[in-house]
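Please read the following report with the sequence and the three-dimensional view side by side. It takes up a single residue, then a sheet, and then the packing of helices.

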Amino acid sequence: MNPFNLPVDDLERRARAIRRRIIQLNAGSPAGGHTGADLSQVEILTALYFRILNCAPDRTDDDQRDIYIQSKGHAVGGYYCVLAEAGYFPTDWLATYQHADSHLPGHPVRQKTPGVELNTGALGHGLPVAVGIAIAAKKDNSPRRIFVVTGDGELAEGSNWEAALVAAHYGLDNLIIINDKNKLQLAGATRDIMNTDPLPEKWRAFGLEVTECNGNDMAAVVDTIENLPKNGKPQVIVAHTEKGFGVSFIQSKAEWHHRVPKGEEIALALEELKDE
């Protein structure tokens, strides 16, 4: 079970604290960061680590634990902030993000960071590996579930759709795919670069079950994950989010894909993210 199991209002407060950490972490990075992508996924990761996932810092070698894979590896800054908040490593490590010899490199590396399950960064890599883990869990009669968060721009990679075919073929109902559909990627709007819409229809055509929700509404995220259909199919949640959600001058702006707050932007963002 999850060691926190927080109610929605506590999850919302935790998400706000994590957003403040994201701003500070990216502002202190010597190698830049992905502020917009970090912020869009906060409700999803907060709900998972503080309510949903059967995993804990003292059970990282438990062979029955749920597995989380951060397939959109460039959004690792937000992932680190969640792991630190959940106790997987000291929060003072966050100040070392992307510094020399840091435990927190610019993409997830399990050999460096406690809590990271898979090295990712090459887009389209996380879901295929998640499918393999889900198959292994089925063969072992394990109760574990495998959660993977993908970006919508990432879904232009064909490896994801090959993995979807396999997941449907083997009836991997222990696999939950969450699309962080923030509609923006490195150089602009996803629809203009490689349009992946309509995503729900595409996933269904490959044989997966699809649910949609507002991915920046904590109550909606929790309700969707906790009430997924049990019909023997892999599950996809298309989580409609906004890149940079929570900070007005970052939100829905493509230039914040690979940009970090500087100067007075830091104070402005933290002011917006104060506890209500």
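## A37 and its surroundings

Residue A37 lies in helix α2, which spans residues 35-40, and the model in which it is described here is a predicted one. With a relative accessibility of 1%, A37 counts as buried, because the cut-off for that word is a value under 20%.

Once the neighbours within four places in sequence are set aside, the residues in contact with A37 are K72, H74, A75, D180 and K243. A37 can also be compared in position with G73: the two are 36 residues apart in sequence, while their C-alpha atoms are 9.9 Å apart in space.

## The sheet and strand β3

One of the contacts of A37, namely D180, belongs to the set of residues that point to one side or the other of strand β3. In which order do the strands of the open sheet run? The five strands follow the order β1-β2-β3-β7-β6, and their pairing is parallel. At the edges of this sheet are β1 (67-70) and β6 (209-214), each of which pairs on one side only, and from one strand to the next the twist averages 20 degrees.

Strand β2, made of residues 146-151, pairs with strand β3, made of residues 175-181, in the parallel sense and over six bridges. Among the bridge partners, I146 is matched with L175 of β3, and V149 is matched with I178 of β3. Strand β3 is mostly covered, since seven of its seven residues are buried. The side chains can be followed in two groups: L175, I177, N179 and K181 point one way from β3, whereas I176, I178 and D180 point the other way, and all of them are buried.

## Helix α3 against helix α4

Is helix α3 largely enclosed by the rest of the structure or left open, and why? Ten of its eleven residues are buried, so α3 is largely enclosed by the rest of the structure. The buried residues are V42, E43, I44, L45, T46, A47, L48, Y49, F50 and I52.

The axes of helix α3 (residues 42-52) and helix α4 (residues 76-85) come within 10 Å of each other and cross at roughly 25 degrees. An angle under 35 degrees counts as roughly parallel, and α3 and α4 are therefore roughly parallel to each other. Their crossing is right-handed, and the contact is made by L45, Y49 and F50 on the side of α3 and by Y79, V82, L83 and E85 on the side of α4. By residue type, this contact between α3 and α4 divides into six nonpolar residues, no polar ones and one charged one.

## Helix α1 against helix α4

Helix α4 also takes part in a contact with helix α1. The axis of α1 (residues 8-27) and that of α4 come within 9 Å and cross at roughly 125 degrees, and the two helices are therefore oblique to each other. Here too the handedness can be stated: α1 passes α4 in a right-handed crossing.

On α1 the contact is made by R14, A17, I18, R21, I22 and L25, and on α4 by G77, G78, C81, V82 and E85. The residues of this contact of α1 with α4 divide into six nonpolar, two polar and three charged. V82 and E85 of α4 appear in the contact with α1 and are also named in the contact with α3.

Conventions: Residues are numbered from 1 along each chain as its sequence is written. This is a predicted model: local features need pLDDT of at least 70, side-chain atom pairs count only at pLDDT 80 or more; totals for chains, interfaces and linings use all residues. Side-chain values use heavy atoms; hydrogens and water are left out. Axes are lines fitted to C-alpha atoms, for helices over the stretch in contact, and angles run from 0 to 180 degrees between N-to-C directions. Helices (H or I, at least four residues) and strands (E, at least two) are DSSP runs, numbered from the N terminus. Angles under 35 degrees count as roughly parallel, over 145 as roughly antiparallel, 65 to 115 as roughly perpendicular and the rest as oblique. A crossing is left-handed if the near helix is turned anticlockwise from the far one by less than a right angle, and right-handed if clockwise. Contact means heavy atoms within 4.5 Å. Ala, Val, Leu, Ile, Met, Phe, Trp, Tyr, Cys and Pro count as nonpolar, Asp, Glu, Lys and Arg as charged, and the others, Gly among them, as polar. Two strands pair if DSSP finds at least two bridges between them. Buried means under 20% relative accessible area, exposed over 50%, partly exposed in between (1.4 Å probe, protein chains only).
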